[in-house]
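These are my notebook entries on a single protein model. I set down what I looked up, in the order in which I looked it up.

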Amino acid sequence: MLVEKLAQLKDIFAQMERALIAYSGGIDSTLVAKIAFDVLGDRALAVTAVSPSLLPEDLEDARIQAAEIGIAHEEVETQEMANPNYTSNPVNRCYFCKSELHDTLKPLALAKGYPYVVDGVNADDLKDYRPGIQAAKERGARSPLAEVGITKFEVRQLAKELDLPWWDKPAQPCLSSRFPYGEEITVGKLQRVGRAERYLRQLGLKNLRVRSDGDTARIELPAEEIQEFVVNTDLPALVAVFQEFGFVYATLDLEGFRSGKLNQVLQPELLGGKVD
């Protein structure tokens, strides 16, 4: 079944002839970039959007991965932070983020002779509340993974079979996803969260989030890692470091890490993806 889906993906790119990939460096868009390059070679281009919501180390990862794949890679700056519809952090914030992204990528693609812009949206994303998907569709972007019905689990399976060393890389959505809806997003707040997550990774933690709620940092770790973290971490030192970053309080979420947790405040019809 997965072999058939891979063949369908390759056929999609073969029909495109030239394609620009919206490439964040996450495993989804990295897989798309890999397959696009395998099929199109120098007729495929990966483009990474650079903004304050992207961690510098994630940008560096994207560069390294693109170089290893062999695909041509460019970077463009996006200006979503200049849009109050984005910085006010409404429940459809991602719509304005993806609008800015594809309003930047589409003319770039046309100017460089790429008739298609493709992204890394997978079949599971269609089941979640992802208002950014609508913005991409409105601008003509295609999502080959979703078109073929490839799930997140299958993305990792394919990446592993294609010998991508990042097949099990933890998901790393943009830093703006760390704020509860309605809390204004600023460059300073994004940097504060970024520094906090970088500090925790330097302690050896990998799959984590630092949720920012006003002056409070709420650390999310996988539930099975919480006890070891509490026992082996110098908690007073951690609190002091977080306060240096600008937080007043540092807390630990006892439920544990769960992707998209901030969406639990939304109405069920939103979570089902039925409302833009």
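Entry 1. I began with the β5 and β6 hairpin, in which two residues lie between the strands. In the turn I noted Gly 214, whose phi is positive at about 65 degrees. I keep in mind throughout that the model is a predicted one.

Entry 2. I then examined how the two arms pair. β5 covers residues 209-213 and β6 covers residues 216-220; I found them antiparallel, joined over five bridges. I recorded two facing positions: Ser 212 is opposite Ala 217 of β6, and Arg 211 is opposite Arg 218 of β6. As background, I noted that strands of a sheet pair through backbone hydrogen bonds, either parallel or antiparallel.

Entry 3. Which strand pairs with β6 in the parallel sense? I found that this is β7, residues 249-252, and that the pairing runs over four bridges. Here Thr 216 faces Tyr 249 of β7.

Entry 4. I assembled these strands into an open sheet of three, ordered β5-β6-β7, and its pairing is mixed. β5 and β7 are the edge strands with a single partner each, so each has one side without a neighbour in the sheet. Direction ignored, neighbouring strands in this sheet are turned against each other by 25 degrees on average. I also looked for a helix on these strands: α9, residues 187-202, lies across β5 and β6 and runs at about 150 degrees to β5.

Entry 5. I turned to the other sheet on my list. It is an open sheet of four strands in the order β3-β2-β1-β4, with parallel pairing. Why do β3 and β4 each have one side without a neighbour in the sheet? β3 (72-77) and β4 (116-118) stand at the edges and have a single partner strand each, so one side of each is left free of a neighbour in the sheet. The average turn between neighbouring strands here is 30 degrees, direction ignored.

Entry 6. Within that sheet I checked β1 (residues 19-22) against β2 (residues 44-50), and found a parallel pair with four bridges. Leu 20 has Leu 45 in β2 as its bridge partner. I found α3 packed on the sheet, where it touches β2 and β3, and its direction makes about 155 degrees with that of β3.

Entry 7. I next looked up the second largest pocket, for which I noted a volume of about 270 Å³. What lines this pocket? I listed Leu 55, Glu 57, Asp 58, Asp 61, Asp 168, Lys 169, Pro 170, Gln 172, Arg 201 and Lys 206. By class, the lining of this pocket holds two nonpolar residues, one polar residue and seven charged residues. Helix α3 (residues 56-69) contributes the most to the lining, with three residues.

Entry 8. Last, I examined helix α6, residues 131-138, and asked which of its residues are buried. They are Pro 131, Gly 132, Ile 133, Ala 135 and Ala 136. I found that the buried residues of α6 pack against α5 (93-112). Just after α6, Gly 140 has a positive phi of about 80 degrees.

How values were computed: Residues are numbered from 1 along each chain as its sequence is written. This is a predicted model: local features need pLDDT of at least 70, side-chain atom pairs count only at pLDDT 80 or more; totals for chains, interfaces and linings use all residues. Side-chain values use heavy atoms; hydrogens and water are left out. Two strands pair if DSSP finds at least two bridges between them. Axes are lines fitted to C-alpha atoms, for helices over the stretch in contact, and angles run from 0 to 180 degrees between N-to-C directions. Contact means heavy atoms within 4.5 Å. On a 1 Å grid over the protein atoms alone, a cavity is a set of points where a 1.4 Å probe fits but cannot get out, and a pocket is an open set with protein on both sides within 12 Å along at least five of seven lines; lining residues have an atom within 4 Å of a point. Grid points are joined across faces, edges and corners, and a volume is the space filled by probe spheres set on the points. Ala, Val, Leu, Ile, Met, Phe, Trp, Tyr, Cys and Pro count as nonpolar, Asp, Glu, Lys and Arg as charged, and the others, Gly among them, as polar. Buried means under 20% relative accessible area, exposed over 50%, partly exposed in between (1.4 Å probe, protein chains only).
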